[in-house]
Amino acid sequence: MKKTIYIFSDGELHRKDNTLFFETESGRRFIPVEDTGEIMVFGEVQFNKKFLEFLSQKEIILHYFSHYGYYMGTFYPREHLNSGYMILRQCEHYLDELRRLTIAREFVRGAGKNIRQVLKYYHSRGKELGQPLETAEKLIATIDDHDSITALMAVEGNIRDHYYHAFDIIINDKDFTFQERSRRPPKNYLNTLISFGNSLMYSICLSEIYKTHLDPRIGYLHATNFRRFTLNLDISEIFKPIIIDRLIFSLIGKKMITKNDFDRDTEGISLKEKAKKCFVEELDNKLKTTINHREIGRSVSYRRLIRLELYKLEKHLMGEKPYTPFIARW
Amino acid sequence: MFVILVYDVNQKRVAKVLKKCRQYLHWVQNSVLEGEISEANYKKLKMDIEKIIRQDEDSVIFYTLRTTKYSSREIVGLQKSSNENIL
């Protein structure tokens, strides 16, 4: 599988000898283009149009993040999988309230059930999670009763709310308490980690969407608007609990990230570079790990799982097979 | 699949071969590159190299491993380049 390049150092990216070249004060490195799928830029990196042209040609996506680690944007190369047909199907399902609800419901169900799975796992490991587990079950059961997007969003928000409060019981570390969800900027350590992880997840989903015929601008649970990509937000909901949250638990549990890894800025809190690298490295490893997929009967990586989800959605939009979200079983 | 590529070509063509290989593989040390490569890209690289080299003078060897599970890699002395994907 093509690799993701993460750039934290400051330097210049070039096209050189028909491949990628990264030059910093301390060193220079050639990066094989043919083995590169996406580039994530965290440092101060310079490049020129020639370089962007080259990325377009090779269909490599470039995501950039601000100094604080927030997702800032993407260089989205020219669409290479143009499919008017798929866009029409996507719009059709968006414009028809009922059809949109069907898809949005599945996204909420996927998110909810994966959250339940995470809670279940820690419950069986002796954490007192009976209460949140019960509430999650109850809320998941009501998904089919709601027939407006706002109501669905509310259910999702409620599930998440109870879930986030269960974090304190799971993590059980006084440095990492949840308090309340705060964003832009996050106000405590745990929120900072959640925000950073979610940003990465959104960009990864976007990269996967680029490799399909789907248009990321048309989401179903998140309303399509003038500003941003939304389909990747929808898909992320399903995978956030099983990829990002579990990663956070293990990073804190293994003391790979401690309270000394944060910087207190004027307003919020941000991660130090070392911790960002550690997070990203572990995430990369996680995405590469393979699991046995029951339906297709072979092992697939977490990253591929995201793509399969998109293929399922395509099938649904074409009317071949109704979409059901991926639910983790472990 | 994982590939280790070593080449011994006439000095005139060293740069050409190196440049081509860098598009697909990570440089390890002089005349040696390695890396994960897809079946299709492997064929592409092989064809491109065949076009560059002269059959009667140069030699390029590909060692391919289906997985790196049973292989290990040990460096004695200097590590000339890293192929980390976090820079």
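Mentor: Before we start, a bit of vocabulary: a residue is buried under 20% relative accessible area, exposed over 50%, and partly exposed in between. Also keep in mind that this is a predicted model.

Trainee: Got it. Is Glu59(A) buried, exposed or partly exposed?
Mentor: First place it: Glu59(A) sits in the loop between α1 (49–58) and β7 (61–65) of chain A. Its relative accessibility is 36%. Partly exposed runs between the 20% and 50% cut-offs, so Glu59(A) counts as partly exposed.

Trainee: What is the phi of Glu59(A)?
Mentor: Glu59(A) is not a glycine, yet its phi is positive. The value is about 60°.

Trainee: Which loop holds Asn18(A)?
Mentor: Asn18(A) is another residue other than glycine with a positive phi, in this case near 60°. With a relative accessible area of 38%, Asn18(A) is partly exposed. Its place in chain A is the loop between β2 (11–16) and β3 (19–23).

Trainee: Let's step back to the whole chain. How many helices and strands are there in chain A?
Mentor: Chain A combines both kinds of element. The count is nine helices and 12 strands.

Trainee: Why can we call chain A as compact as a globular protein of its length?
Mentor: For 330 residues, the globule rule gives 20 Å. The radius of gyration of chain A is close to that, so the chain is as compact as a globular protein of that length. The C-alpha trace spans about 60 × 50 × 40 Å along its principal axes. As for the radius of gyration itself, the value is 20 Å.

Trainee: What share of the residues of chain A counts as buried?
Mentor: Being buried takes a relative accessible area under 20%. Of the 330 residues of chain A, the share that counts as buried is 55%.

Trainee: And the surface: how much of the exposed area do carbon and sulfur atoms supply?
Mentor: Chain A exposes about 15,500 Å². Of that area, carbon and sulfur atoms supply 48%.

Trainee: How far apart are the centres of the positive and negative side chains of chain A?
Mentor: There are 52 positive and 45 negative side chains in chain A. Take the centre of each set, and the two lie apart by 3 Å.

Trainee: Which strand holds Tyr71(A)?
Mentor: Tyr71(A) is partly exposed, at 25% relative accessibility. Leaving out residues up to four places away in sequence, Tyr71(A) touches several others, including His63(A), Phe65(A) and Leu206(A). Its C-alpha atom is 9.9 Å from that of Val41(A), 30 residues away along the chain. The strand of chain A that holds Tyr71(A), residues 71–75, is β8.

Trainee: How far is Ala151(A) from His293(A) in space?
Mentor: Ala151(A) belongs to helix α5 (residues 149–171) of chain A, and at 23% relative accessibility it counts as partly exposed. In sequence, Ala151(A) and His293(A) are 142 residues apart. In space, C-alpha to C-alpha, the distance is 33 Å.

Trainee: Over in chain B, which residue does UniProt list for "binding site"?
Mentor: The listing comes from an unreviewed UniProt entry. The residue lies in strand β1 (residues 2–8) of chain B, and it counts as exposed at 56% relative accessibility. Leaving aside neighbours within four places in sequence, it is in contact with Asp58(B) and Ser59(B). The residue listed is Asp8(B).

Definitions and conventions. Residues are numbered from 1 along each chain as its sequence is written. Chains are lettered from A and ligands numbered from 1 in the order in which they are written. This is a predicted model: local features need pLDDT of at least 70, side-chain atom pairs count only at pLDDT 80 or more; totals for chains, interfaces and linings use all residues. Side-chain values use heavy atoms; hydrogens and water are left out. Helices (H or I, at least four residues) and strands (E, at least two) are DSSP runs, numbered from the N terminus. The radius of gyration is taken over C-alpha atoms; the globule rule is 2.2 Å times the number of residues to the power 0.38. Buried means under 20% relative accessible area, exposed over 50%, partly exposed in between (1.4 Å probe, protein chains only). Accessible areas come from the Shrake-Rupley method with a 1.4 Å probe; for residues, only the protein chains shown count as cover. Lys and Arg count as positive and Asp and Glu as negative; His and the chain ends are not counted. The place of a charge is taken as NZ of Lys, CZ of Arg, CG of Asp or CD of Glu. UniProt positions are given in the numbering used here, feature names are shortened, and annotations may be inferred rather than shown by experiment. Contact means heavy atoms within 4.5 Å.
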